[in-house]
2 protein chains.
Amino acid sequence: MKNYIKHNEWQIIEEGFDPHLNKISESIFSLGNGRMGQRANFEETYTGETLQGNYVAGVYYPDKTRVGWWKNGYPEYFAKILNATHWIGLTITINDEVLDLNTCKVLNFSRVLDMQQGTLTRKFIVELSNGNVLGVEAIRFCSIVDDEAGVIKYTITPQNFDGKITVESSLDGDVKNQDSNYDEKFWNEISAKQVGDCALLNLETKKTAFWVSSAIYTAIYQNEKDLGLKSSFISKEKYVAQQFTVDVKKDQSTTIYKFAVNLSSENYKKEDLETTTIATLKRVKAKGFNQMLAEQAKAWAVKWQNGDVIIEGDVAAQQAIRFNIFQLHQTYTGEDARLNIGPKGFTGEKYGGSTYWDTEAYCLPFYLATAPQQVAENLLIYRYKHLEKAIENAEKLGFKDGAALYPMVTINGEECHNEWEITFEEIHRNGAIAFAIFNYIRYTAEQKYLAEYGLEVLIGIARFWAQRINWSIEKEKYVMLGVTGPNEYENNVNNNWYTSTIATWCLKYTIEAIGLVKADDAKKLEQILTKTKFDTEKETSHWKDIIEKMFYPIDEKLGVFLQQDGYLDKEQILVKDLPTVDRPLNQKWSWDRILRSCFIKQADVLQGIYFFEEDYDLTTIQRNYDFYESRTVHESSLSPCVHAIIAAKLGDLDRAYEFYLRTSRLDLDDYNNDTEDGLHITSMAGTWLSVVEGFGGMRVKNNQLHLHPVLPEKWKSYAFKIGFRHTIITVKVTTEKVSLTNESEHELNLNVFGKEAHLSANGTLEINS
Amino acid sequence: MKNYIKHNEWQIIEEGFDPHLNKISESIFSLGNGRMGQRANFEETYTGETLQGNYVAGVYYPDKTRVGWWKNGYPEYFAKILNATHWIGLTITINDEVLDLNTCKVLNFSRVLDMQQGTLTRKFIVELSNGNVLGVEAIRFCSIVDDEAGVIKYTITPQNFDGKITVESSLDGDVKNQDSNYDEKFWNEISAKQVGDCALLNLETKKTAFWVSSAIYTAIYQNEKDLGLKSSFISKEKYVAQQFTVDVKKDQSTTIYKFAVNLSSENYKKEDLETTTIATLKRVKAKGFNQMLAEQAKAWAVKWQNGDVIIEGDVAAQQAIRFNIFQLHQTYTGEDARLNIGPKGFTGEKYGGSTYWDTEAYCLPFYLATAPQQVAENLLIYRYKHLEKAIENAEKLGFKDGAALYPMVTINGEECHNEWEITFEEIHRNGAIAFAIFNYIRYTAEQKYLAEYGLEVLIGIARFWAQRINWSIEKEKYVMLGVTGPNEYENNVNNNWYTSTIATWCLKYTIEAIGLVKADDAKKLEQILTKTKFDTEKETSHWKDIIEKMFYPIDEKLGVFLQQDGYLDKEQILVKDLPTVDRPLNQKWSWDRILRSCFIKQADVLQGIYFFEEDYDLTTIQRNYDFYESRTVHESSLSPCVHAIIAAKLGDLDRAYEFYLRTSRLDLDDYNNDTEDGLHITSMAGTWLSVVEGFGGMRVKNNQLHLHPVLPEKWKSYAFKIGFRHTIITVKVTTEKVSLTNESEHELNLNVFGKEAHLSANGTLEINS
């Protein structure tokens with residue numbers, strides 16, 4: 001854990017330059033706009049430790065699988081988001097010395113991520129080895145208005161010298177993924193050329209043949225006037241640059257404006273790509289830096305207007321929740337149903353792929369409440385588009401007749417992961433995908449989604465469960481063998497309570513969904529049943545038999561659901577009794593020791609209780625929470641938020657606050673010592689959940705919005721805004737009262753603290769806490 | 001499965017050349033002498049498909065571990081037996097055309113492995129593209145008398161031409177392991193030089209710095225006379241050769257004699273190595289080919305004299321058992337306690353390492369009965385020497401206080417394997433190592449081994465089990481969680497019956513062994529207890545508690561021991577009902593499907609019953625055999641032999657014979673389609689067991705040799721010879737009677753068909769079957 005980020009309500013601030021923290025900061029200060037993104041690398045040369053990263057959404061490479069011991073069924077390839085053209089490069093040479101913070105004396109340094117307007121600013125003063133002292137102020141952003149464009153304003157002010165500065169403004173495509181399995185580079189050059197006053201680099205990915213065309217325009221200003229310098233064009237293999245030389249004087253600022261665009265063949269015909277790239281670049285440079293910045297700030301203001309969480313009295317908590325929300329918006333905008341939310345977003349390479357069950361289990365609720373409905377719907381449609389591949393995926397594992405198993409990790413619908421205990425056995429992901437459909441409809445009341453898309457997916461998933469479950473002659477019950485639950489500190493277990501519970505829920509919900517579609521549109525149902533070759537009588541009666549006779553491990557004496565068969569055979573030790581030197585277990589213990597211990601990475605019984613809360617009374621929840629929380633080491637970033645929500649529900653506000661802080665400042669404070677690899681984007685949605693569902697007690701039950709807000713002791717107040725169906729509601733919670741403001745033209749009947757309440761159109765309502 | 005090897009009692013014969021079978025034949029016709037060995041590659045150039053392999057015992061390379069997903073505790077390196085200098089090479093150029101069976105027309109071809117004298121002979125007639133037709137007869141062997149030497153006699157006879165032949169006789173060290181993790185070569189050159197009429201190549205392994213020095217001497221004969229040709233010396237990086245040019249005439253034979261030696265720094269000081277190499281070469285070439293061959297034949301005759309199994313009336317079975325015995329002797333001679341029996345011997349690279357539990361579980365009994373006692377003892381001492389590393393290995397996994405976990409795969413005592421479910425969990429290997437000590441003493445009555453070596457190993461192993469087992473508050477029994485049994489088609493299971501059974505047996509036997517050593521030599525015991533810091537009272541009372549309260553899964557209704565917790569939750573299908581297209585499962589089914597099925601790779605309950613047969617009555621054995629055999633797919637080469645032995649014991653001779661054939665002709669008939677990777681050396685000991693313990697019913701019980709011979713219907717008779725304590729007994733079984741011949745000066749009281757019998761010194765005894 002670290003503590004070098006300054007606390008501030010709207011800004012992430014680093015002061016002073018510590019090269020050992022640089023890779024962490026590169027992650028934390030990352031920029032993105034849903035279409036492209038990058039780590040907070042320096043524009044100028046930096047020969048110190050850095051992880052260079054630029055990413056273009058949807059552009060991937062199928063890297064040949066690498067394993068120690070091949071298991072039948074492993075996928076041939078792992079689809080990786082590619083490290084793409086590095087477009088920010090500005091090689092600055094001052095009187096023949098290259099500016100490089102690794103080699104010069106850094107007198108002063110700050111880095112600020114401004115979340116209000118979505119910009120990254122660096123200011124520093126350095127002394128070169130030739131004695132030249134200069135100040136630099138660099139500001140850049142990835143535009144969320146022109147989402148193929150990024151722009152840099154880089155100002156250099158000599159402090160003690162006159163002289164000559166050379167600027168090489170580049171597009172460098174000779175880049176590599178650090179996690180390349182066979183140390184290969186993944187790009188080939190299509191073209192590298194000068195087009196008027198722009199430089200263009202068009203690259204193609206190997207195997208997948210995506211084209212990404214980038215172009216830059218660079219201008220040099222002094223005294224706020226364009227010097228009109230003509231650049232020299234430099235070109236090397238997968239590299240183009242524009243070079244300028246300019247005379248500078250002591251105390252006189254020289255500003256470099258660099259406009260860059262990155263366009264992908266995912267969105268344009270290849271034959272038009274280069275022309276469109278130049279046209280796009282010309283359009284944005286015509287706007288100019290100031291207008292682009294103004295538009296950026298305005299667009300971010302709208303995002304904050306709709307989705308801010310305001311915490312009074314706790315700057316660390318305020319900064320953290322905004323950071324989480326900011327990074328989620330930078331990662332995914334929901335405009336393109338082919339895209340999804342990678343666990344590291346545009347902030348690192350680790351894990352590869354772009355879609356895990358995190359999307360459905362953690363991210364969907366965030367976007368449901370804070371973004372237009374289409375955003376959440378696009379997340380669901382993404383999986384609908386992959387249904388065919390999910391059926392193929394299941395076939396590879398021996399399933400048949402339209403059973404669908406969604407991959408553990410994917411970009412294009414194909415499985416990318418290759419660890420048998422996860423790839424083949426962590427099948428609960430299928431349940432989360434079904435639950436997301438239910439959750440979307442529960443929240444939006446858009447039942448028509450079932451007929452349009454949802455039911456087909458549900459049928460595929462339900463068929464998978466029905467085939468995956470078998471009858472035990474021993475137990476005289478249906479059982480599910482050989483699975484890995486969300487708690488990945490158990491592998492290949494039998495009758496994992498969570499997986500079995502969500503499996504039978506899927507069967508129930510699919511039967512229900514068939515009924516709903518039938519009631520809405522019997523003809524459409526017939527079409528779906530024909531398309532899926534569904535034998536209603538035979539299949540649903542088998543499902544009903546499973547629902548009736550499924551085995552769930554339970555300990556009657558303790559009154560808890562058992563994580564899996566045999567869980568109580570383990571030596572029962574509590575986390576509080578674990579020596580500190582043994583933590584984190586995943587770094588200190590060998591894998592087998594973790595597996596046979598009772599310790600839990602993230603509690604999957606509690607995950608199930610969180611999903612299906614209405615099925616359990618409070619004392620049951622309390623017993624399971626007490627039992628599992630005391631055995632959970634939270635070594636998954638996805639763990640604390642669910643515990644926070646349940647703790648808040650149970651009135652354990654201190655623990656809920658502790659979990660909140662842990663999840664919300666996970667990356668800012670580098671809790672797990674892994675922020676340098678990239679941010680934990682998907683768990684950031686969990687942070688939001690822990691505020692809104694945790695402290696705010698927000699639920700949708702019986703077709704109605706429910707709130708049950710509580711205020712952590714450390715906070716003076718907090719407020720969040722949610723869009724619910726046709727209304728937009730701000731909920732503000734203070735020690736005295738809960739204030740609800742309806743910004744819409746629609747009235748809303750809701751439930752606060754268990755009581756019916758009415759919120760009129762544009763009305764407000766105050767309820768004593 | 002294939003069927004191209006001709007059946008013959010003493011020879012393995014291939015007739016006709018099929019390039020697609022070449023890699024299989026290269027394995028089958030392998031040569032070795034315990035010190036070095038090689039695949040049956042061609043001497044002359046071959047540009048077709050081949051797996052070149054030459055190996056020197058004990059010389060390994062720690063290849064950096066390669067995994068998909070790193071798990072804590074994995075070893076950094078995998079020790080691999082190295083592909084070493086290729087010393088057989090003879091590049092033959094005939095009138096400017098290189099002899100290469102891949103490019104010329106093969107008119108006639110045969111390959112014969114003569115097991116009686118340990119030689120490999122090839123004869124072929126080919127037509128070159130220039131129309132030259134020539135015959136070749138090549139005979140070679142690795143001397144078991146001069147075990148650092150190999151020799152080749154290569155005779156060429158032009159059939160339709162006169163002309164010029166160039167011979168390049170080489171040592172090629174520029175070789176690579178096909179299974180190199182990072183595609184590296186593992187050798188560096190120390191020197192490459194001409195020494196008189198010899199050529200020498202001395203190489204060093206990277207990292208481990210073993211030196212292997214090879215030298216050759218080549219002579220060309222015509223009309224049985226040395227032409228006295230002087231060679232040209234050729235030298236390249238890691239390559240030396242002697243080149244000759246000779247005139248040949250139609251129908252006149254030219255013979256090349258090549259003598260080669262390979263010496264390793266494991267056996268000589270590095271500074272003396274090259275000199276000793278040349279001296280050794282001179283010594284063997286002075287003997288000459290004919291004398292070496294005569295000595296070889298004589299030495300093999302002794303081996304056969306002591307360990308042959310003779311089967312009358314079934315050539316396929318006769319050939320097969322001899323092939324198995326032959327390859328075992330080629331692999332391991334037991335003269336060096338640093339060496340062991342790799343699963344592929346000197347016949348391939350696959351699996352790497354050299355020692356698996358196979359050694360103790362399958363190979364030890366073979367060497368006990370057919371080789372001098374020192375051989376088996378050396379196998380045990382090998383593990384004694386690794387005790388310290390086994391303790392370190394256990395410490396890495398969190399065990400303490402002298403608990404020892406022997407590696408799954410090793411050369412030098414360190415773990416090499418990296419698959420968590422095997423490396424960390426297939427811990428039953430520890431039990432086999434303890435059982436081997438018991439087995440050795442049971443067979444030899446050499447109880448002093450305990451005090452000298454055995455007890456320390458037993459204490460380390462017992463301590464491991466005592467720590468690995470935990471108390472279950474649920475079961476109120478001791479349990480063992482998270483293991484993989486010998487049946488590797490189950491991973492990470494709880495309470496594997498076999499592992500739990502052998503674990504508590506180890507505790508019992510260690511307590512017994514402490515008592516035995518105390519009775520023999522109380523002072524020595526004190527030394528051992530002090531050295532191991534053994535707290536007799538505390539540790540043994542804990543062990544006794546475990547022995548008393550251990551949980552073993554049993555199904556009372558079926559009357560069978562259960563392979564593990566939950567085995568009966570699986571869908572119970574029998575192998576006979578599996579569609580043929582699904583076989584073998586390990587090629588047709590994804591790994592998870594195999595895991596959750598009831599199908600068994602090798603039945604570990606039966607393995608336990610085999611080890612501890614005396615603890616179970618016949619009906620128990622029958623019930624378990626019936627239950628597990630019907631669920632076993634025998635996809636491990638180690639599986640059929642145990643089933644053969646139990647089937648024979650239960651009187652199911654047809655099945656026993658079927659299992660015998662399957663295990664004995666596994667490689668000859670390429671049953672599993674993997675012979676090209678190398679032979680299944682360790683399972684060959686199982687073949688021997690299935691004859692001697694299976695059909696012969698040989699056991700040692702109550703300090704006495706027991707026999708219960710039965711004759712498979714297809715056989716006229718069979719006979720085997722065993723050394724038991726101070727006697728050497730030949731057992732011959734016909735339909736009418738069992739004849740016992742004692743070739744020693746010691747009388748023997750034994751038990752045949754359950755009745756006491758007496759065999760006088762040098763006496764014979766006949767008992768009606």
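In this predicted model, the loop between strand S7 (90-94) and strand S8 (97-98) of chain A is home to A:Asp96. The backbone takes a less familiar turn here: phi of A:Asp96 is near 75°, a positive value in a residue other than glycine. This loop falls within a stretch, residues 13-265 of chain A, to which UniProt, in an unreviewed entry, assigns the feature "domain: Glycoside hydrolase family 65 N-terminal". Over residues 13-265, chain A is 53% strand and 3% helix, and the C-alpha atoms at the two ends of the stretch are 37 Å apart.

A second backbone detail appears in each of the two chains. In chain A, a cis peptide bond joins A:Arg583 and A:Pro584, with omega about -15°. A:Pro584 sits in the loop between strand S25 (560-561) and helix H12 (585-588) of chain A. In chain B, B:Arg583 and B:Pro584 are likewise joined by a cis peptide bond, again with omega about -15°. The loop that holds B:Pro584 runs between strand S25 (560-561) and H13 of chain B.

Attention now turns to a pair of helices in chain B. The axes of helix H4 (residues 358-370) and helix H5 (residues 373-385) of chain B come within 8 Å and cross at roughly 160°. An angle over 145 degrees counts as roughly antiparallel, and H4(B) and H5(B) are therefore roughly antiparallel to each other. Their crossing is left-handed. On the H4(B) side, the contact is made by B:Thr359, B:Leu364, B:Tyr367 and B:Leu368, while H5(B) contributes B:Val375, B:Ala376 and B:Leu379. Sorted by class, the residues of this contact are six nonpolar and one polar, with no charged residue.

How do the two chains fit together? Chain B is superposed on chain A by a rotation of 180° with 0.1 Å of shift along its axis, and the RMSD is 0.1 Å. The two copies are thus related as by a two-fold rotation axis. Among the residues of chain B, B:Val67 comes closest to that axis, with its C-alpha at 2.4 Å.

Where the chains meet, 42 residues of chain B are in contact with 42 residues of chain A. Strand S22 (470-472), helix H13 (585-588) and helix H14 (591-596) of chain B are the elements that each give two or more residues to the side touching chain A. H14(B) gives the most, with five residues. By class, this side of chain B has 16 polar, 14 charged and 12 nonpolar residues. Because 100% of the interface residues of chain B are also interface residues in chain A, the copies meet through the same surface.

How values were computed: Residues are numbered from 1 along each chain as its sequence is written. Chains are lettered from A and ligands numbered from 1 in the order in which they are written. This is a predicted model: local features need pLDDT of at least 70, side-chain atom pairs count only at pLDDT 80 or more; totals for chains, interfaces and linings use all residues. Copies are superposed by least squares on the C-alpha atoms of residues with pLDDT of at least 70 in both. Two residues are in contact if their C-beta atoms, placed from the backbone, lie within 7 Å. Helices (H or I, at least four residues) and strands (E, at least two) are DSSP runs, numbered from the N terminus. Ala, Val, Leu, Ile, Met, Phe, Trp, Tyr, Cys and Pro count as nonpolar, Asp, Glu, Lys and Arg as charged, and the others, Gly among them, as polar. Axes are lines fitted to C-alpha atoms, for helices over the stretch in contact, and angles run from 0 to 180 degrees between N-to-C directions. Angles under 35 degrees count as roughly parallel, over 145 as roughly antiparallel, 65 to 115 as roughly perpendicular and the rest as oblique. A crossing is left-handed if the near helix is turned anticlockwise from the far one by less than a right angle, and right-handed if clockwise. UniProt positions are given in the numbering used here, feature names are shortened, and annotations may be inferred rather than shown by experiment.
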